[in-house]
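Subject: A structure to look through

Dear colleague,

Here is the structure I promised to hand over, with the sequence alongside. Please open it first, and then read my notes below with the model in view.

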Amino acid sequence: SPGAGVSFGGYNYATGVLGNGQEWMAENLRTAVYANGDPIPNVTGNSAWWGLTTGAWCHYDNNSQNENPYGKLYNWYAVVDTRNVCPTGWHVPSDAEWNSLIGFLDSAYNPNADGTQSEIAGGKMKSTGTQYWLAPNQDATNEAGFSGLPGGCRFYDGTFDFINYLGGWWCSTAYNPFNGWSRNLYYVFGFVGRNNYAKKDGFSVRCIKN
């Protein structure tokens, strides 16, 4: 069901409340500031992006027109910064909180997967149609109200790829000293992937209410 929404960093975000009690943003994060007002650097250069060990954001392809509707891409360091990339009272979901969402949508999911976690939850999380997703946008129903979009990603070397093909969202949980967990949706499959990627990569961010 629709949530109360939340305003942050000059943007108003729609939210949704799941039957498991979680309230999620129904849009990708767009903020350029942390919750305390400190700026998050916009890093466009490839070599500068590669060298980061602190938080940063970018637009896909460094094109501001991609902000609507895809939001910004953030590296993992921004996700775990103690100043909080999400609004006060909200946070980036942990691996366990993502598991709660996926498990609510598919009781047969694999919480420990490194790869396909659920065969059906992805379709329930994707926005419908092919305005943003490439055809066939397999099994998309948006039953969960998550309205997942294919914002693509930025790799650690600064290159961009997969817009319209893939939506990827960070977890706040590290996989190891170099990688963090993510969840991924795909245009050609209805499944959701639980994968780990370099902390220097750039993915979309959703926030969950405390």
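A good place to begin is Ala-174, which stands opposite Gly-180 in strand S12. Please keep in mind throughout that this is a predicted model, and that everything I describe was computed from it.

The pair just named belongs to a longer piece of pairing, since S11 and S12, the latter covering residues 179–186, run alongside each other in the antiparallel sense over six bridges. Another of the facing pairs is Leu-166, whose bridge partner in S12 is Tyr-186. The two strands form a hairpin, with four residues between them.

What larger arrangement do the strands S11 and S12 belong to? They are part of an open sheet of four strands, which follow one another in the order S8-S13-S12-S11 and pair in the antiparallel sense. At the edges of this sheet lie S8 and S11, the latter spanning 166–174, and each of these two pairs on one side only. Neighbouring strands of the sheet are turned against each other by 35° on average, if direction is ignored. As background for reading such a sheet, strands pair through backbone hydrogen bonds, and they may do so in a parallel or an antiparallel way.

One residue of the edge strand S8 deserves a closer look, namely Gln-117, which lies in that strand (residues 115–118). Is Gln-117 buried or exposed? With a relative accessible area of 2%, Gln-117 is buried, because the cut-off for that word is under 20%. Its side chain makes a polar contact with the side chain of Asn-99, at 2.6 Å. If we leave aside neighbours within four places in sequence, the residues in contact with Gln-117 include Asn-99, Ile-102, Tyr-109, Asn-110 and Pro-111, and also Arg-183, Val-192, Gly-193 and Arg-194.

Asn-110, one of those contacts of Gln-117, also turns up in a distance that you can check on the screen: its C-alpha atom is separated by 26 Å from that of Glu-27, and the two residues are 83 residues apart along the chain. Glu-27 itself is found in the loop between strand S4 (23–25) and helix H1 (46–50), and it is partly exposed, with a relative accessible area of 24%. A polar atom of the Glu-27 side chain lies 2.7 Å from the backbone nitrogen of Ala-14. Not counting residues up to four places away in sequence, Glu-27 touches Asn-12, Tyr-13, Ala-14, Val-205 and Arg-206.

Next come some details of the backbone, for which it helps to know that most residues other than glycine have a negative phi, and that most peptide bonds are trans. Where does the model depart from the trans form, with a cis peptide bond and omega of about 15°? One such bond joins Asn-68 and Pro-69, and Pro-69 lies in helix H2 (residues 67–70). The peptide bond from Ala-135 to Pro-136 is also cis, with omega near 15°, and Pro-136 is found in the loop between helix H5 (121–125) and strand S9 (153–154).

That loop between H5 and S9 is also the place of Asn-137, which has a positive phi of about 45° although it is not a glycine. Asn-137 is buried, with a relative accessible area of 5%. A positive phi, near 55°, is likewise found at Asn-62, which lies in the loop between strand S5 (57–58) and H2. Asn-62, however, is partly exposed, with a relative accessible area of 35%.

Finally, here is the chain as a whole, in which there are five helices and 14 strands. The C-alpha atoms fill a box of roughly 40 × 35 × 30 Å, taken along the principal axes. For 210 residues, a compact globule would have a radius of gyration near 17 Å, and the chain, with 16 Å, agrees with this. Of those 210 residues, 53% count as buried. Among contacts between residues at least 6 apart in sequence, 55% join residues at least 24 apart. The accessible surface of the chain comes to about 8700 Å², and 50% of this belongs to carbon and sulfur atoms.

With best wishes

Terms used. Residues numbered from 1 in each chain as written. Predicted model: local features only at pLDDT ≥ 70, side-chain atom pairs only at ≥ 80, totals over all residues. Heavy atoms only, no water. Buried < 20%, exposed > 50% of the residue type's maximum accessible area, 1.4 Å probe, protein only. Polar contact = N/O pair within 3.5 Å; in protein donor to acceptor, adjacent residues only side chain to side chain. Contact = heavy atoms within 4.5 Å. Pairing = 2+ DSSP bridges. Axes fitted to C-alpha atoms, helices over the stretch in contact; angles between N-to-C directions. Rg over C-alpha atoms; globule rule 2.2 N^0.38 Å. Areas by Shrake-Rupley, 256 points an atom, 1.4 Å probe, with all protein chains shown as cover.
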